[in-house]
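Visitor: I'd like to learn how to read a model like this one. Could you walk me through it, feature by feature?

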Amino acid sequence: AADFIDSNIDVVIGGGLNHFDVRKDGRKITEEMQKKGFAFFNNLPKDASQYKKLLVLIDTVHPPSILKGRGDLLLNGTKLALQSLSKNKNGFFLMVEGSQIDWSAHDNDSASLINEMIDFDNVVGMTMKYADDNPGTLVVITADHETGGLTFVSKKKSKIVKFHFSSDDHSAVVVPVFAYGTGAKNFTGYYDNTDIFHKILKTAGINK
């Protein structure tokens, strides 16, 4: 949390309030960020267009799962981030994580996994619509790893498909990369996931 103070980040939305303000070093990171121009909220504001820098921490540790009342936090939080960042005429980079997809797979919980995936898919659909409405936007969807060794099994002539987990941890299964919008063609093929970083920079015209 303290690293945000020295970064050039403009929008932070999620949980983890305790990491900002209930600290062994006694620092109140939320107060320090407000002094740097951040508007701080414990709940999602209805509108973010007036805020150049936005800090929203809705839970002391982490938000609940989608099945336990998280609601549309991921979708509405992404909308607010886009609303705030879109004011930058030079463009922006936004990372949105559906982190509890991984948690559900660790737990081998198919019901939770399905609902977390649907929640994330709603965000993907919304950002693709944003890309349509804002030419020059690139949307990249991927994962840093697979979790659970998930496969789908069914008996012949059966209409029922069952989830089969072979692990409760990360696996070496290849993960897909989906890209949509400007520069999407740069993300085809088979490559190390660390190459995505360089492909994004290249697409943005940044040579490093």
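Visitor: Let's start with one side chain: does Lys129 count as buried, partly exposed or exposed?

Guide: First, keep in mind that this is a predicted model. Buried means under 20% relative accessible area and exposed means over 50%, with partly exposed in between. Lys129 comes out at 47% relative accessibility, so it counts as partly exposed.

Visitor: Which residue does Lys129 meet in a salt bridge?

Guide: Side chains of opposite charge can pair when their charged atoms come close. Here the side chain of Lys129 meets that of Asp133, at 2.6 Å from N to O. Both residues lie in helix H5 (residues 110–133), 4 residues apart, which is about one turn of the helix. Asp133 is also partly exposed, at 47% relative accessibility.

Visitor: How many salt bridges does a search of the whole structure find?

Guide: It finds 6. One of them joins Asp25 to Arg23, with the closest N and O atoms 2.9 Å apart. Asp25 is partly exposed at 43% relative accessibility, and Arg23 is partly exposed with a relative accessible area of 25%. Then there's Arg27 with Glu32, where the closest N and O atoms are 2.7 Å apart. Arg27 sits at 30% relative accessibility and counts as partly exposed; Glu32, at 25%, also counts as partly exposed.

Visitor: Which residues are linked in a network of salt bridges?

Guide: Those are Arg70, Glu116 and Asp119.

Visitor: Now for a charged residue without such a partner. How far from Asp21 is the nearest side chain of opposite charge?

Guide: That side chain is Lys28, and it is 5.4 Å away. A salt bridge needs the side-chain nitrogen within 4 Å of a carboxyl oxygen, and Asp21, though buried, has none. When you meet a case like this, look for backbone atoms too. The side chain of Asp21 reaches the backbone nitrogen of Ile29 at 3.2 Å.

Visitor: Where is Asp21 found, and what is it in contact with, leaving aside its neighbours within four places in sequence?

Guide: Asp21 is found in helix H1 (residues 17–21). With those neighbours left aside, its contacts are Arg27, Lys28, Ile29 and Thr30.

Visitor: What about an uncharged polar side chain? Is Gln100 buried or exposed?

Guide: Gln100 is buried, with a relative accessible area of 8%. You'll find it in helix H4 (residues 100–106). Check the backbone here as well: the Gln100 side chain reaches the backbone oxygen of Pro63 at 2.9 Å. Not counting residues up to four places away in sequence, Gln100 touches His62, Pro63, Pro64, Ser65, Arg70 and Glu116. Two names on that list should ring a bell, since Arg70 and Glu116 belong to the salt-bridge network with Asp119.

Visitor: On to sheets. What is the order of the strands in the open sheet of 3 strands?

Guide: The order is E1-E3-E2, with parallel pairing. Strands E1 (11–14) and E2 (39–41) stand at the edges with a single partner strand each, so one side of each has no neighbour in the sheet. Neighbouring strands are turned by 10 degrees against each other on average, direction ignored.

Visitor: How many bridges join E1 to E3, and how many join E2 to E3?

Guide: E1 is joined to E3 (residues 54–57) by 4 bridges, and E2 to E3 by 3. To trace the pairing residue by residue, put Ile13 opposite Val56 and Gly14 opposite Leu57. On the E2 side, Phe40 stands opposite Leu55.

Visitor: Which residues of E3 are buried on its two faces?

Guide: Leu54 and Val56 are buried on one side, and Leu55 and Leu57 on the other, so both faces of the strand are covered.

Visitor: Let's zoom out. How many helices and strands does the protein have?

Guide: There are 6 helices and 9 strands. Of the 208 residues, 29% count as buried. The C-alpha trace spans about 65 × 40 × 30 Å along its principal axes. For contacts with a separation of 6 or more, 58% come from residues 24 or more positions apart.

Notes: Residues numbered from 1 in each chain as written. Predicted model: local features only at pLDDT ≥ 70, side-chain atom pairs only at ≥ 80, totals over all residues. Heavy atoms only, no water. Buried < 20%, exposed > 50% of the residue type's maximum accessible area, 1.4 Å probe, protein only. Lys, Arg positive; Asp, Glu negative; His and termini not counted. Polar contact = N/O pair within 3.5 Å; in protein donor to acceptor, adjacent residues only side chain to side chain. Contact = heavy atoms within 4.5 Å. Pairing = 2+ DSSP bridges. Axes fitted to C-alpha atoms, helices over the stretch in contact; angles between N-to-C directions.
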